[in-house]
Amino acid sequence: GGLKRYLVVKSCSAMLTAMLVTSGIFLLHAVVWNQVAVRHDPAIYPMHNNFFSSASLYYKWFEINHGLPIYLSMSAGMGISAAVWSIVGLATAVWVPDKLLAISIPYCLYALIGTQLSYYLVGVRVPHPSTLFNDALTIQDIWQTLVMYGILMALAFMMYGAGVNRRVRHG
C-alpha cells in the first residue's frame with residue numbers, strides 16, 4: 001500500500017541523490033584537475049609511471065585514455081558507497097530524533113567497520129567501506145564489498161521500514 005510505496009520512493013530518492021552528488025562531484029573534480037594540472041600521459045611525461053600493483057585493476061587501466069576507466073570506476077564506487085550510506089542515514093534518522101546523532105552514528109559505524117573490529121571480536125574480516133574506490137581494487141575486493149554493502153543495506157532498509165512503521169502507528 002501507501003507505506004510500502006513511501007518507503008521505496010524515499011529510499012530510492014535518497015540513494016539516487018547520494019549517488020549523483022557524490023559521483024558527480026568526484027568527476028567534476030577529476031575533469032577540473034585534468035585541465036588545471038599536467039594531464040596524465042606517460043608517453044609525454046615519463047614521471048607519470050604506473051605505480052599501481054600488478055594485482056590491481058587500475059594497473060591495466062592506467063594508460064587507457066588518460067586513466068579514464070580509473071576515474072569512472074572510482075566514481076561508481078563512491079556512488080555505490082554513498083547510496084548504501086544514505087539508507088543507513090535514513091534508518092538512523094527515523095530512530096534517533098537528535099539530528100546531530102543521526103549524522104554522527106552512520107559516520108561512527110563507517111569508522112568502526114574500517115577498523116576491522118569484527119576481526120578482533122569474532123574473527124570475521126569485512127572489507128573497508130572505501131574499498132570500492134581504493135587504488136588497490138581487485139575483482140575479489142569488489143565482490144566482497146558488494147556482499148557487505150548488500151547485507152548492510154538490507155539491514156538498514158529493514159530498520160528504516162520498522163522505524164517508519166512505528167512512527168505511523170504511534171506518532
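The legends below describe an overall view and several close-up views of a predicted model.

**Figure 1. Overall view of the predicted protein chain, which has 6 helices and 0 strands.** Read from the N terminus, the elements run α-α-α-α-α-α. The chain has 171 residues, and 33% of them count as buried. Along the principal axes, its C-alpha atoms fill a box of roughly 65 × 40 × 30 Å. Among contacts with a separation of 6 or more, 60% come from residues 24 or more positions apart.

**Figure 2. Close-up of the packing of helix H1 (residues 2-36) with helix H3 (residues 68-95).** Two packed helices are described by the angle between their axes and the distance between the axes. For H1 and H3, the axes come within 7 Å and cross at roughly 150°. The crossing of this pair is right-handed. On the H1 side, the residues that meet H3 include Lys10, Ser11, Ala14, Met15, Ala18, Met19 and Phe26. On the H3 side, the residues that meet H1 include Tyr71, Leu72, Met74, Met78, Ala82, Ser86 and Leu90. The residues of this contact divide into 16 nonpolar, 7 polar and 1 charged.

**Figure 3. Close-up of Ser86, a residue of helix H3.** Ser86 has a relative accessible area of 15% and is therefore buried, the cut-off being under 20%. The side chain of Ser86 reaches the backbone oxygen of Ala83 at 2.6 Å. When neighbours within four places in sequence are left aside, Ser86 is in contact with Ala14, Met15 and Ala18. Ala14, Met15 and Ala18 are among the H1 residues that meet H3.

**Figure 4. Close-up of the packing of helix H3 with helix H4.** The axes of H3 and H4 come within 8 Å and cross at roughly 130°. That angle makes H3 oblique to H4. The crossing is right-handed. H3 contributes Trp85, Val88, Gly89, Thr92 and Ala93 to the contact. H4 contributes Leu101, Ala102, Ile105, Pro106, Leu109, Tyr110 and Ile113. By class, the residues of the contact of H3 with H4 are 10 nonpolar and 2 polar, with no charged.

**Figure 5. Close-up of the packing of helix H3 with helix H6.** The axes of H3 and H6 are 8 Å apart and pack at an angle of about 30°. H3 is therefore roughly parallel to H6, as angles under 35 degrees count as such. H3 passes H6 in a left-handed crossing. In the contact of H3 with H6, the residues divide into 20 nonpolar, 2 polar and 2 charged.

**Figure 6. Close-up of Ser81, which lies in helix H3.** Ser81 is buried, with a relative accessible area of 5%. The side chain of Ser81 is joined to the side chain of Tyr149 by a polar contact of 2.8 Å. Not counting residues up to four places away in sequence, Ser81 touches Pro129, Phe133 and Tyr149.

**Figure 7. Close-up of Ser130, in the loop between helix H5 (117-122) and helix H6 (139-170).** At a relative accessible area of 15%, Ser130 is buried. A polar contact of 2.9 Å joins the side chain of Ser130 to that of His128. Ser130 and Phe62 are 68 residues apart along the chain, and their C-alpha atoms are separated by 20 Å.

**Figure 8. Close-up of Gln116, in the loop between helix H4 (99-114) and H5.** Most residues other than glycine have a negative phi. In Gln116, phi is near 65°, a positive value in a residue other than glycine. Gln116 counts as buried because its relative accessibility is 17%, where buried means under 20%.

Key
Residues numbered from 1 in each chain as written. Predicted model: local features only at pLDDT ≥ 70, side-chain atom pairs only at ≥ 80, totals over all residues. Heavy atoms only, no water. Helix = DSSP H or I, 4+ residues; strand = E, 2+ residues; numbered from the N terminus. Buried < 20%, exposed > 50% of the residue type's maximum accessible area, 1.4 Å probe, protein only. Polar contact = N/O pair within 3.5 Å; in protein donor to acceptor, adjacent residues only side chain to side chain. Axes fitted to C-alpha atoms, helices over the stretch in contact; angles between N-to-C directions. Left-handed = near helix turned anticlockwise from the far one by under 90°. Contact = heavy atoms within 4.5 Å. Nonpolar A, V, L, I, M, F, W, Y, C, P; charged D, E, K, R; others polar. Parallel < 35°, antiparallel > 145°, perpendicular 65-115°, else oblique.
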